[in-house]
Amino acid sequence: LTKTLQNFAQSLRSVWANPVVVRDLRVKMRGSKTYWSQAFYLGILSLLAITGYSSTLGHNGGRDGSFDVVSMQSQLTGFYYFIFVTLATLLCLIAPSLTASAITSERQRLTLDLLITTPLTYTQILFGKLISSTAFIALLLALSLPASVLCILLGGATLGQVFQVYLLLAVDEIGRAHV
């Protein structure tokens, strides 16, 4: 078992030691465009969360002003579904554009010829581009954690449900990025 874990750790280190991954992540995170796009992503997600929360909980009381706990819980569960459908939709729109622009951005910056002349194989270059795009998608998933915590704190979902949805989103986006 320890030999298997050591081999896994070695292969994981080799993935992150790929110079294309390191360079792409440095280039992406140095520019102000990345921070503005993250702020825009969080703004859209926050606006949709506030809108979804207000529309989901808009009918929380009865006609006589009474408060029904059962209907409130079902409305909070609806808010949970709204948050994660919104998150999945945003990621489905963002992930293809990140991976599609991985190689074309090198061509636009006139660095594709330099990248091809490196001793890296085409597979290493492509794999490095895909890993850096996947890492950026993982960053966007991490940025959406406050909306998920809001669902947990309000009682619309449990920690296990949120973990399952994030795992599903991560696997889906990794698959979407590598297609």
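Trainee: What makes the contact between Glu-106 and Lys-129 a salt bridge?

Mentor: In this predicted model, the closest N and O atoms of Glu-106 and Lys-129 are 2.5 Å apart. The cut-off is 4 Å between a side-chain nitrogen of Lys or Arg and a carboxyl oxygen of Asp or Glu, so the pair qualifies as a salt bridge. The pair links distant parts of the chain, with Glu-106 in helix H4 and Lys-129 in helix H6, 23 residues apart.

Trainee: Why is Lys-129 called buried?

Mentor: Lys-129 has a relative accessibility of 1%. Buried means under 20%, and therefore Lys-129 counts as buried. Glu-106 is likewise buried, at 1%.

Trainee: How do you know whether Arg-109 is buried or partly exposed?

Mentor: The relative accessibility of Arg-109 is 37%. Because partly exposed covers the range between 20% and 50%, Arg-109 counts as partly exposed. Arg-109 also forms a salt bridge with Glu-106, the closest N and O atoms being 3.6 Å apart.

Trainee: What makes Arg-23 and Asp-24 a salt bridge, and how does their burial compare with the cut-offs?

Mentor: Their side chains meet at 3.5 Å, N to O, which is within 4 Å and so satisfies the rule. Asp-24, at 6%, is under 20% and therefore buried, whereas Arg-23, at 31%, is partly exposed. Arg-23, Asp-24, Glu-106, Arg-109 and Lys-129 are linked in a network of salt bridges.

Trainee: Which residues lie nearest the centre of the largest pocket?

Mentor: They are Lys-28, Lys-33, Thr-34, Leu-98 and Ser-101, among 24 lining residues.

Terms used: Residues are numbered from 1 along each chain as its sequence is written. This is a predicted model: local features need pLDDT of at least 70, side-chain atom pairs count only at pLDDT 80 or more; totals for chains, interfaces and linings use all residues. Side-chain values use heavy atoms; hydrogens and water are left out. On a 1 Å grid over the protein atoms alone, a cavity is a set of points where a 1.4 Å probe fits but cannot get out, and a pocket is an open set with protein on both sides within 12 Å along at least five of seven lines; lining residues have an atom within 4 Å of a point. Buried means under 20% relative accessible area, exposed over 50%, partly exposed in between (1.4 Å probe, protein chains only). Helices (H or I, at least four residues) and strands (E, at least two) are DSSP runs, numbered from the N terminus.
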